[in-house]
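Me: Got a minute to go through this one with me? I'd like to start with a bit of vocabulary.

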Amino acid sequence: MRIAITGASGFVGSATAAALAHEGHEVVRLVRGRAAGPGAASWDPATGAIDAAALGPIDAAVHLAGENVAAGGWSARRRAAIHESRGPATARLCASLAGLPHRPRVLVSASATGIYGDRGDELLDERSAPGRGFLAEVARAWEQGTEPAAAAGVRVVNLRIGMVLDPSGGALARLLLPFRLGLGGRLGRGRQWLGWIARQDLVAVIRTALADERLRGPVLAVAPEPVTNREFTQALARALRRPAWLPVPAFALRLLFGRMADELLLASQRAVPARLLETGFCFAAPALGEFFAPLWRAPGRDR
Ligand SMILES: NC(=O)c1ccc[n+]([C@@H]2O[C@H](COP(=O)([O-])OP(=O)(O)OC[C@H]3O[C@@H](n4cnc5c(N)ncnc54)[C@H](OP(=O)(O)O)[C@@H]3O)[C@@H](O)[C@H]2O)c1
């Protein structure tokens with residue numbers, strides 16, 4: 001297939017582009033600003049305009065672009081950028097994709113488990129209603145933004161992605177230093193559930209979503225075994241052979257991160273990947289132990 005990818009320079013996008021190219025697909029990176037060289041075409045999130053000539057005919061698109069949610073505090077300006085780069089930018093991109101002379105057959109578009117808001121111990125799957133809060137609103141608009149593509153007959157898969165784990169980046173890379181220094185600890189009371197997925201599994205989910213005609217609409221991209229923040233903290237500390245006895249109280253998180261603390265660090269989402277399991281998807285790391293074990297056993301990997 002010839003596959004266009006937005007956000008191809010990112011933590012998930014770079015691994016996805018590499019895996020698809022390795023599989024023999026032709027990957028076209030949709031880049032913001034001027035596209036340099038073959039294998040890239042430009043798009044403008046502010047207008048949705050795509051350089052259709054450089055893009056050429058595509059069979060599929062993967063949309064991963066968006067302002068990083070966890071990279072800094074949530075000032076009003078950053079919240080506006082996070083919102084604008086999700087719902088509105090996705091709607092403009094999808095209108096452009098729908099208007100292409102050779103539109104893709106399938107679009108796999110990122111969304112997030114944040115769509116459920118803060119739900120305590122409730123078991124969540126694709127049939128669960130969205131929740132409340134800034135991230136939930138952003139994710140709803142993000143999924144709704146893909147409607148112009150669906151209306152044009154494109155099969156759209158909205159991947160509700162949990163915390164993506166790989167030591168090379170994302171949340172895990174940020175946690176490694178404090179945990180290695182023995183300064184790790186649960187956040188708040190540590191009872192909040194978090195959906196997580198190994199990056200290599202997420203890449204496999206994206207490849208499956210591109211190929212499997214049964215998948216359409218919201219699909220949870222999380223491992224089958226969600227963990228509480230306390231369990232995650234203990235598993236990471238054990239894997240690094242470090243103590244983790246320094247809990248960070250909720251009020252301190254709120255002082256440090258403001259509103260982001262409640263929605264990103266303390267919110268509870270106990271989500272399970274019902275659709276993927278129904279279709280027989282096989283996770284390489286269904287449980288956290290399976291994710292950490294090979295990682296720290298790898299030769300040359302320092303502890
Ligand atoms: N990583 C996670 O744990 C996680 C969890 C849930 C959901 N997700 C979602 O999955 C997608 C990929 O995640 P990721 O971790 O790979 O994110 P990332 O590393 O932050 O990469 C996102 C990419 O989006 C583009 N981008 C950055 N700012 C933008 C803006 N203001 N407007 C439009 N595009 C912008 C950039 O690519 P270019 O410079 O190439 O355009 C960037 O490399 C994101 O939408 C993210 O919200 C990720």
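Reply: Sure. A crossing counts as right-handed if the near helix is turned clockwise from the far one by less than a right angle, and as left-handed if it is turned anticlockwise. Keep in mind that this is a predicted model.

Me: OK, so which way does helix 7 pass helix 9, left-handed or right-handed?
Reply: Helix 7 passes helix 9 in a right-handed crossing.

Me: And what's the angle between helix 7 and helix 9?
Reply: About 65°, with the axes 11 Å apart. Helix 7 covers residues 170-180 and helix 9 covers residues 229-240.

Me: Why call helix 7 and helix 9 roughly perpendicular?
Reply: Because angles of 65 to 115 degrees count as roughly perpendicular, helix 7 and helix 9 get that label.

Me: What about helix 1 and helix 8, at what angle do their axes cross?
Reply: At roughly 60°, and the axes come within 10 Å. That makes helix 1 oblique to helix 8. Their crossing is right-handed.

Me: Switching to the ligand. Which residues come nearest?
Reply: Ser9, Val12, Arg32, Arg86 and Val164, out of 23 residues around the ligand.

Me: Which helix and strands each supply at least two residues of that shell?
Reply: Helix 1 (11-22), strand 5 (106-112) and strand 8 (163-165).

Me: How many of the shell residues are charged?
Reply: Three, alongside 11 nonpolar and nine polar ones.

Me: What lies by the oxygen atoms of the ligand?
Reply: A polar side-chain atom of Ser9 is 2.8 Å from one oxygen atom. For Arg32, a side-chain N or O atom is 2.9 Å from a ligand oxygen. Leu64 uses its backbone, with an N or O atom 3.0 Å from an oxygen atom of the ligand.

Me: How much of the ligand does the protein bury?
Reply: 80% of the 890 Å² that the ligand exposes when taken alone.

How values were computed
Residues numbered from 1 in each chain as written. Predicted model: local features only at pLDDT ≥ 70, side-chain atom pairs only at ≥ 80, totals over all residues. Heavy atoms only, no water. Near = heavy atom within 4 Å. Polar contact = N/O pair within 3.5 Å; in protein donor to acceptor, adjacent residues only side chain to side chain. Areas by Shrake-Rupley, 256 points an atom, 1.4 Å probe, with all protein chains shown as cover. Helix = DSSP H or I, 4+ residues; strand = E, 2+ residues; numbered from the N terminus. Nonpolar A, V, L, I, M, F, W, Y, C, P; charged D, E, K, R; others polar. Axes fitted to C-alpha atoms, helices over the stretch in contact; angles between N-to-C directions. Parallel < 35°, antiparallel > 145°, perpendicular 65-115°, else oblique.
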